[in-house]
Amino acid sequence: MTAVAATAVHPLQRLSAAEIDAARELFARHDLLTPTTRFALLALAEPDKASVLGYRDGDPVDRRVRAVLLDVATGRSRTVLASLTRDSVDEVTDLDPAVDGQPPIMLEEYAAADEIVKADPGWVAAMARRGITNLDLVRPCPLSAGHFNIPGEAGRRMLRVLSFLQHRAEDHCWAHPIDGIVAYVDLTERRVIELIDDTLLPVPKEEGNFDDTAYTGPHRTTLKPIEISQPDGPSFTVDGDVVRWENWTFRVGFDPREGLVLHQLSYADRPVIYRASIAEMVVPYADPSPVRFWQNYFDAGEYLLGHQANSLELGCDCLGEIYYFDAVLADGDCRPYTIRNAICLHEEDFGVLWKHSDLFTESRETRRQRRLVISFFVTVGNYDYGFYWYLYLDGTIGCEVKATGVLFTSAYQPGSRWASEVAPGLGAPYHQHFFNARLDMMVDGLTNAVDEVEVRRVPVGPDNPYGNAFTRHATRLTRESMGARTADSSVGRFWQVINPERRNRLGQPVGYALHPQGQPVLLADDSASVARRAAFATHHLWVTRYHPDERYPAGELVNQHPGGAGLPAYLAADRDIDGADIVLWHTFGMTHLPRPEEWPVMPVDSCGFVLRPVGFFDRNPTLDVPPPPHHHRTGSCSCAGE
């Protein structure tokens, strides 16, 4: 096969199945593959920002891919940058796994870990000591190993395996953790290198089959149907990857690591964000026992969120007039496969946009808010996460993560300081969920700056004789060394991105403000392994100067990395960020102390943030939103849905 022609495609257009096939053939022609080489990752190598912003329709585009290769027989790994257009390999970097980290975990390695532990005599004997002899009903759960300076582990490609029991094939195994035992598995040598059999604990017996009416009881019959209809169709249009809706324009991307990506987000042709994604997430657990101290999972860098995406179903995951985007990804053989309906696009009514009943003119005006929703869902082991981006009529941008699924369980030991009892004898360890949104800002252009804004009390004095005054205080973040910040809800702290070169009609710099939820940051000790590897979770905000190679808050290769990569390394350059091309890295999340009400399946819990325009517009940008159909200027406005 020859090189992919430099056709008139946008530089950020998602990889096609044909391009994935071309990548496999290119790598083979350049002798980069052996019979045991696997593609742990293949992704579009996005051009740098300047090249994309300079692109004009019809310009030739150099389509490049980036791959992470793993030889499963030897453990050798490398990264490759190649051009499909020029049929060339531009860069090959051999990796030292002890220093650089390991390639992401591949789906096929989960099955391998199951085979490895069930073939290990020590593990089989440990199961027998617990009265478990039918290994077909044991579900080993392979989990990322992390990095703990344990002798003999440096450079090994590993998983750590906890196990769960089924009573029968349709029984959900999370109800029956086989606790007190963990197997450390070397995936290259295909053997258990260490078995920690710490404590004989009873396996909880009560089932938790939330999909079985014998357990849940009959479905209630009192809920009446809700139908959402748009008889004239949706208000958005889709042209390939480009979406236009009510002054908003953006490009949809999908990355095997990050999942959904929004590119070149603009309002009324004014740029706001160049690129927005959830660039990393980590779930650190609080149980310090010999069997579980290592539990922390980087679901993007270790497990690849994009590869875990669900195929969404109308009426279940999304309601209304829906447009779906499929996702095309490469498997371990670099063969393309499609996740049908991976991304959902739809509109939602969102209550009142603005309203006033005037005392003097007797006018009564109401407008309804509406938002565009762009979302996808992933399943990573026991947890399910929905990632939602919201665009509002008034220029507001929201991001929400919805966590649901099944709690990761343990055997509950009475008086435990590290877990909640959620069913008889069944524990759920305390843990946190952190997400890091990479927001490559472009507020009305590339020259941006960040002010940390908070409210301050003013003491009684000559300027405040009655003590009622308070004021706004702003601190400009001028260098990256100032860029690691922590939220403080007691003073209403937020961060405002301004463009000092663009002014509104009042002479104020145009801007967008990031409003955090301000939940606790990482609670692990500063000396803990996870604090080194997930340093991004120790602050709510990091501000860096844009660099095309700085894509991930925990670094390029997260799996078994010793730590210190990503944001700490980026900030060490201490570059100027005052009036520069900048990136915000916002960490948000939840601290989870599980409740009985979250068993056997967890109702959605959510976290997120909001970006609001501040001086970006000269006045309310929704004055032209039409009134609802039943609106009367001097009468009443009936509620939506009547």
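A charge is said to sit over a ring if NZ of Lys or CZ of Arg is within 6 Å of the ring centre and within 35 degrees of the ring normal. In this predicted model, Arg 160 lies over the face of Tyr 184, at 4.3 Å from the ring centre, and a second case is found where Arg 371 lies over the face of Tyr 390, at 3.7 Å from the ring centre.

Rings can also meet other rings, and the structure holds 27 aromatic pairs. One of them is formed by Phe 350 and Tyr 392, whose centres are 5.5 Å apart and whose planes make an angle of 65 degrees, an arrangement called edge-to-face. This pair links distant parts of the chain, since Phe 350 belongs to strand E16 (residues 336–357) and Tyr 392 to strand E18 (residues 383–392), 42 residues apart. Phe 350 has a relative accessibility of 41% and therefore counts as partly exposed, whereas Tyr 392, at 10%, counts as buried because buried means under 20%.

Strand E18 also contributes Tyr 388 to a pair with Phe 377. The ring centres of Phe 377 and Tyr 388 lie 6.3 Å apart with their planes at 90 degrees, so this pair is edge-to-face. Because Phe 377 lies in strand E17 (residues 364–380) and Tyr 388 in strand E18, the pair ties together parts that are eleven residues apart in sequence. Both Phe 377 and Tyr 388 are buried.

Finally, some aromatic residues come together as a group: Phe 254, Phe 376, Tyr 383, Tyr 385, Phe 387, Trp 389, Phe 435, Phe 588 and Phe 609 form one aromatic cluster.

How values were computed:
Residues numbered from 1 in each chain as written. Predicted model: local features only at pLDDT ≥ 70, side-chain atom pairs only at ≥ 80, totals over all residues. Heavy atoms only, no water. Phe/Tyr/Trp six-rings, centres within 6.5 Å; stacked < 30°, edge-to-face > 60°. Helix = DSSP H or I, 4+ residues; strand = E, 2+ residues; numbered from the N terminus. Buried < 20%, exposed > 50% of the residue type's maximum accessible area, 1.4 Å probe, protein only.
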